[in-house]
Amino acid sequence: MKPPLTVLAVVATGTLTAALLAPHAQGTPAAAPDSPVGIRLPDDAAQGAVPRPTAQLLTAHPGTAPQPAADSQAPDDPQDTSGEDTWRLHPTDDLESGNDLIAIGPADDPTGKPTPGTPTPGPTTPTPTAPPTTDPTTPPPANPACPGVQITPEDDAAKVVAGAAAGTTFCFTKGLHRIGTTIAPKSNQVLTGENGAVLTGSIPLTQWAANGDNWVTTGVLPPAYTQTGQCEDNVANICYLREQVFVDGKHLTRVASRDKVAAGTFYADYTANAVYLGTDPRKKAVEMSKTATAIASNAASVTVRGLTIEHFATAPQGGALVLGPKWRATGNEVRWNHAVGVMLVNADGATLEKNSIHDNGQLGVGQYSTTNGTITENDVRNNNTDGFWIADWESGGIKTTWSNGGTVTGNLIKDNRGVGLWSDAYDDNRTFSDNTIVDNAADGIRFEIGRNGVIEKNLVTGNGHGTGRGSGKSLWDGGGININTSSNVTVRDNVVGNNVNGIAIQSRTRGSGPWGVNLLRDITVTGNLITMRGGTTATGMVQNSGAVIPAGEVTLDKNTYRLDSLTSTRFQKTGRWYTARQWQQEGQDPTSTFTQNRLPPPR
């Protein structure tokens, strides 16, 4: 929940694990709506690269004429006699002028068309049981030759793999492979597939009877199970229920009672062991996810390549594909699973690269208790299809916890209904770099209760404009980048634009953990390009009464700010608002650049 400024402690229940864990501190609520707009990068910037704002200012997009800001909160500074738009403010100096602008508008969305710097999805594998999802502008590479022991759709894949020696290579042939038992690879085994090889955890539902305005089938559900996780709808609380239903590949929405059933929805009655549809299933392919996990084991050095993995009834915080130590998963498409698409669990030295991970019910990628894991060049988008709590319960793109070292780099993280990239609970020595993080419903990046983190060279735009439970616009609700009760974190050389807030630094009362009392200490924010042009958007610090930030623990400097007006109050420190000049008079951003952008605010 969203805490007031005087709250003493907040406790949550969701730490990303593959098993039940003790409760830990809760995340930060998300932000409110305000349509995001893209940032225009310099024409000479390398494709896929994030510019270093400290090295040069961005020039106006050719043909774009600046317009007066529509929501300036005060007249232009009376000291502005230059008629120019860019000023570097110093506490004791007069304003200096310049004329560089950053052009911002819907046509300048940097993610509209992937470039060589964006991740390449895995092989496209259209099947009757899932809708097309691959962006036609970025065709996946063809899977290379598929050597090894063939596994056909008629085979029991788990039995074939179990019966082979360590180091065996397997080739899943083209077609739909129904996985009724989790495949448990041995050390150094390779699981790869021909183009069109699909591993599904669903079963066909074929025996339907008309029942009033609905259709019903019986005898297909498991026994009722207990609730885990937290839902956006905390009244119905049905997001934790694992079965998904698909009609001709279309994902149906689960409803909480039979009387709510309508076209495009289904209801599962566990007491009667009956599934009700609002869509006529005759002459249609109807499938229900049933098997929990596709591939998982503790064996080392397994490779999973070129497979489509879909329709697994994963439990909240559980993955359809679960990587172990030194695993490599590359070129796969992981989609339409109930909870997490891919998990790294005790996966020291594992690599997850160049996969397309989308439309999973809770989260695209999760990592728990892993040292030196690498998550790189993946396309992670449109996750949290099944209604998990957007603001606070590990829904969205990528989340890591209790992990040490390793990187999350070069990923495209877009349009997820939750946090884009989230480090939560005792991550140590982690680096998040060169990611493109766009239009996620909550924070772009959230670094929470961790230490020794580096967040650099990311493009973070249009995040935090989701609505729903816990959403809001204050710095308490997050921003493009949100640092929450962490220590020794450097935020540098990022492009942060048109998020609900710029950079939010939060000091909360969060209890104790393996490192002692959880405190906000030693935060450095430097070299970033931060655009804030509408609503109540701000950059700054907030604190609980029980978690006061000591002087000198937060340093902001050498940043470049693009503002709607230099007299707008776009900066906040523990409840007080400041213009750019006042912010510097408070000792913040002493050598940063503050630039007025007269384009209209994002709508």
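These legends accompany several close-up views of a predicted model.

**View 1. The whole protein, before we zoom in.** Two helices and 52 strands make up the secondary structure of the protein. Of its 603 residues, 59% count as buried. Among contacts in the protein with a separation of 6 or more, 68% are between residues 24 or more positions apart. The protein exposes about 21700 Å², and carbon and sulfur atoms supply 51% of that area.

**View 2. An open sheet of four strands.** Follow the strands in the order β9-β17-β12-β13, with antiparallel pairing. At the edges are β9 (202-204) and β13 (250-251), each of which pairs on one side only. Strand β17 (residues 286-289) joins β9 through three bridges in the antiparallel sense. For a landmark, look for P204, whose bridge partner in β17 is E287.

**View 3. E287 again, now by its side chain.** Here E287 meets R178 in a salt bridge, with 2.7 Å from N to O. The two partners come from distant parts of the chain: E287 belongs to strand β17 and R178 to strand β6 (residues 175-178), 109 residues apart. Their surroundings are worth a look, too. E287 counts as buried because its relative accessibility is 5%, while R178, at 34%, counts as partly exposed. This pair is one of 16 salt bridges.

**View 4. Two nonpolar cores.** The largest nonpolar core has 69 residues, and I183, I295 and L323 touch the most other members. Another core, of 19 residues, lies apart from it and includes I238, F266, A268 and V286. To get a feel for the largest core, start from I295: beyond its neighbours within four places in sequence, its contacts include I183, L191, L199, V304, L307 and W327. Also in contact with I295 are T182 and P185, among others. As a reminder, nonpolar side chains in soluble globular proteins tend to be buried together.

**View 5. Salt bridges around β29 and β36.** D379 forms a salt bridge with R381, and their closest N and O atoms are 2.8 Å apart. Both D379 and R381 are buried. In a further salt bridge, the side chains of R446 and D392 meet at 3.7 Å, N to O. R446 lies in strand β36 (residues 445-448) and D392 in the loop between β29 (379-381) and β30 (396-401), so this pair ties together parts that are 54 residues apart in sequence. R446 is buried, with a relative accessible area of 0%, and D392 is buried as well, at 3%. Elsewhere, E310, E333 and R335 are joined into one network by salt bridges that share partners.

**View 6. The two disulfides.** The protein has two disulfides, and they follow the pattern 1-2, 3-4 when bonded cysteines are counted along the chain. C146 is joined to C171, with 1.9 Å from S to S. This link is right-handed, with 120° about the S-S bond. C146 sits in the loop between β3 (86-88) and β4 (149-151), whereas C171 is in strand β5 (residues 169-172), 25 residues away. C171 counts as buried at 0% relative accessibility. The other disulfide joins C231 to C239, with 2.1 Å from S to S. Its torsion about the S-S bond of C231 and C239 is about -85°, so the disulfide is left-handed. C231 counts as buried at 2% relative accessibility, and C239 counts as buried at 4%.

Conventions
Residues are numbered from 1 along each chain as its sequence is written. This is a predicted model: local features need pLDDT of at least 70, side-chain atom pairs count only at pLDDT 80 or more; totals for chains, interfaces and linings use all residues. Side-chain values use heavy atoms; hydrogens and water are left out. Two strands pair if DSSP finds at least two bridges between them. A nonpolar core is a set of buried Ala, Val, Leu, Ile, Met, Phe, Trp, Tyr and Cys residues joined through side-chain atoms within 4.5 Å. Buried means under 20% relative accessible area, exposed over 50%, partly exposed in between (1.4 Å probe, protein chains only). Contact means heavy atoms within 4.5 Å. A salt bridge is a side-chain nitrogen of Lys or Arg within 4 Å of a carboxyl oxygen of Asp or Glu. Accessible areas come from the Shrake-Rupley method with a 1.4 Å probe; for residues, only the protein chains shown count as cover. A disulfide is a pair of cysteine sulfur atoms within 2.5 Å.
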